[in-house]
Amino acid sequence: MLRALFVAEKNDVAKGISGLLANGHFNRREGRSKFNKIYELQTQVLGRNAVVSITSVSGHMMELAFHADMANWQTVRIASLFDAPVQQKVADGMKDIARTLTEEAKKNDVLVIWTDCDREGENIGAEIVKVCKESNPRLDVFRAKFSEITASAVHRAVRNLVRLDNNIVDAVDCRSELDLRIGAAFTRLQTLHLRSKFRDIFESQNQKVISYGSCQFPTLGFVVDRYKMIENFKPENFWRLLVEHVRNGIKVDFLWDRNRLFDRDVVNVLYDNCQEKLEAIVEKVVKKPKSRWRPYAMDTVALEKLGSSKLKMSAKEVMSVAEKLYSKGWISYPRTETNKFPKGMELAPLVEMQAESNEWGNFAKEVVERGVNPRNGNKSDEAHPPIHPLKFADRQTLNGNEWRVYELVVRHFLACVSRDASGEETVVNLRINSERFHANGLCVKDLGYMHVYVYEKWGDKQIPTYVENEILKEFNLRIVDGTTQPPDLLTEADLIALMDKFGIGTDATHAEHIEKIKERDYIGVKGDGKLLPSFIGLALVDGYDDMGFAMSKPDLRANLERGLKDICDRNRNKRDVLTEQIGKYRTIFDETESKVFFLSKSLEKYLDKRSSGNLPDVGNGGHGGGPPRGPDGGGGRGAPRGGGADRGRGRGGRKTTASRRGRKNDMAASGANMSNYNGEDEAETRRPRERKNTRTLAEDAEEVMCACNPPLQAVQKTVQKEGPNKGKRFWTCSLPFNSSEKCSFFQWV
DNA sequence: GCAAGGTC
């Protein structure tokens, strides 16, 4: 009989595949590690009957390190960390696992790697091979490829064994070597330089290490960039037309289809146009179904974001509680990138299990009656299903944060498999002369998933009945003013979304990187959960920026990722990418070393600012300080600061196209690095992009004109109305435009 | 005393 050793990435998977391959009949015995058992069974391997031992590691078993002679920070030339030899060795806590492998390998002819089918999994597989081959060089090594732990997937995998992909292994080796060399070199340089210049500060802060990491810095960079965006925000005034109408005792605000304009004169002219004909025609009344979609099945990023925004826990806390719930069997594996349930998965029993709850039991019963209907996303890590409850619990069984996280997982799961919320929206379109307005009403018909998903709200918005073509005479038309507001500071949920989007870290490490830069005092958390950079964080980012190195931007990591992908795709080899990347960082390092005073100068600048009270104090417990404000003193945030009463017709100074354009260019230059990841890209930001505020009308027009078919024509008109502008000529559009083509084209001749 | 990646 063939003797085969199967090794999985974690005990959970070893146990899972054992059960599936043995139909539940397997022996279990202890290994050297308490957490990693050995399961034994008989099955077919490589077309032969085989006795199989199935065991596991716990993630990476080995770590990369410099030799001991590099340990002295004072005597070792830092730059030599770029070419000093490194060695891979079994990590301290993993010795017993390695020993199990050594012992088991001797007894077997074949080794099959069952680690997760992702990049790190392939590399962990190579570590397992190294340890096993050391004790049994004759081992024939195979790789099982599986997309989920189900009977069909596991049986298919065992019938179709392949070999390890050494390119993927190389890519991960390349990544870890670069992370170590770069991290160690820049950490020593920063730490030694800043500590020598500011001994008092770092001693008083008990701040021993000022670390650099390829994930730490971009994470810090996001926080700093948002902070600076707020600090440098130049509020701009805008104006809009508003029509108020009262019917059946309900006041309806008809909003302007143009939304808002940044030129008071234009608004005045358009206001005048409306005043010429003080009647409003109801052009269209449309009722249409509107729904709110239930959430996607929950992956790790969703859990972290929800835990942070709805439960007000840090991502790190959420994950550690979720891991506890997982290890006690309450919920499924919490580190998953999968947001869709596998096709064959039996969800109904999981829903039924919740029927005994006195909080959501009735909802669960209803779901079972109507049919389980999960809303699936399109991401899959091909190893773990979305996060879902495994056992029923109530407030007696769990408490504190464990209960809160469990409740979130259950409510999210039930919401996901139930039904969308549905309602009916009414849109009333109004026209006064050439200007168009609209008002919306909403009638919620069925709250659907929101019955159980208490984290979201959706409510009726009453609107009285309007009839198409009716004419309104009694209404109030006015000009409302407002000021653009800076965006908010990042929340932890925002930060995780950015990291996810730009590929900084993995779903399993986002929370750790954030925690690390908190621990290093690069950022702090305000009372309301918003993240603020500390003076050290600001100084580090600025210091490198001043030298001209984008160390805190996500691009560097993205560039490395491209190299790694090339290795996986066999377009380049490991040596090639390693040489290139080391060379690149070595150049930056040499220059940083010669200009390292930029760092201390930058820190000095922020120390001055802090002592003059111009900088919020964060870190080291002191999370004081309000949010930064724009120079003109941004008042309340959120909704635009709106003027209540009708405004006088005071003429704002006219801004020429040239001056607007100049300002825009300044903005583009200083904010170039932000353009990719701020503003409207994030669903929760309601504010306009910076660009919008500074666009010239001509630019708006250009865009609109090109987009319209037939293209709009610019025509000249003359201001007819009494006033300072009477007789002045302006350019406007020749054709009416509908609401989807928001033309703001207006320009003085 | 340095990183990031696994996982318990």
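Over residues 3-147 the chain is 28% helix and 31% strand, with the end C-alpha atoms of this stretch lying 25 Å apart. An unreviewed UniProt entry places the feature "domain: Toprim" at residues 3-147. The model is a predicted one, and the points below turn to its nonpolar cores and to a seven-stranded open sheet.

**Nonpolar cores**

- The largest nonpolar core holds 75 residues, and of these F186 and M551 touch the most other members.
- Helix 5, which spans residues 166-197, gives the most to this core, contributing 10 residues.
- Leaving aside residues up to four places away in sequence, F186 touches F82, Y212, Y544, M551, Y585, I588, F589 and T592.
- Another core, of 44 residues, lies apart from the largest one, and its members include M313, M319, I387 and M450.
- In soluble globular proteins, nonpolar side chains tend to be buried together.

**The open sheet**

- Seven strands form an open sheet in the order 14-11-12-13-10-9-15, and their pairing is antiparallel.
- The edges of the sheet are strand 14 (471-472) and strand 15 (476-483), each of which pairs on one side only.
- Strand 11 (residues 280-292) and strand 12 (residues 421-432) pair in the antiparallel sense over 11 bridges, and the bridge partner of V286 is V427 in strand 12.

**A helix packed on the sheet**

- Helix 8 (residues 264-276) packs on the sheet, where it touches strand 9 (237-247), strand 10 (250-256), strand 12, strand 13 (435-446) and strand 15.
- The direction of helix 8 makes about 170° with that of strand 15, which is one of the edge strands.

Methods: Residues are numbered from 1 along each chain as its sequence is written. Chains are lettered from A and ligands numbered from 1 in the order in which they are written. This is a predicted model: local features need pLDDT of at least 70, side-chain atom pairs count only at pLDDT 80 or more; totals for chains, interfaces and linings use all residues. Side-chain values use heavy atoms; hydrogens and water are left out. A nonpolar core is a set of buried Ala, Val, Leu, Ile, Met, Phe, Trp, Tyr and Cys residues joined through side-chain atoms within 4.5 Å. Buried means under 20% relative accessible area, exposed over 50%, partly exposed in between (1.4 Å probe, protein chains only). Helices (H or I, at least four residues) and strands (E, at least two) are DSSP runs, numbered from the N terminus. Contact means heavy atoms within 4.5 Å. UniProt positions are given in the numbering used here, feature names are shortened, and annotations may be inferred rather than shown by experiment. Two strands pair if DSSP finds at least two bridges between them. Axes are lines fitted to C-alpha atoms, for helices over the stretch in contact, and angles run from 0 to 180 degrees between N-to-C directions.
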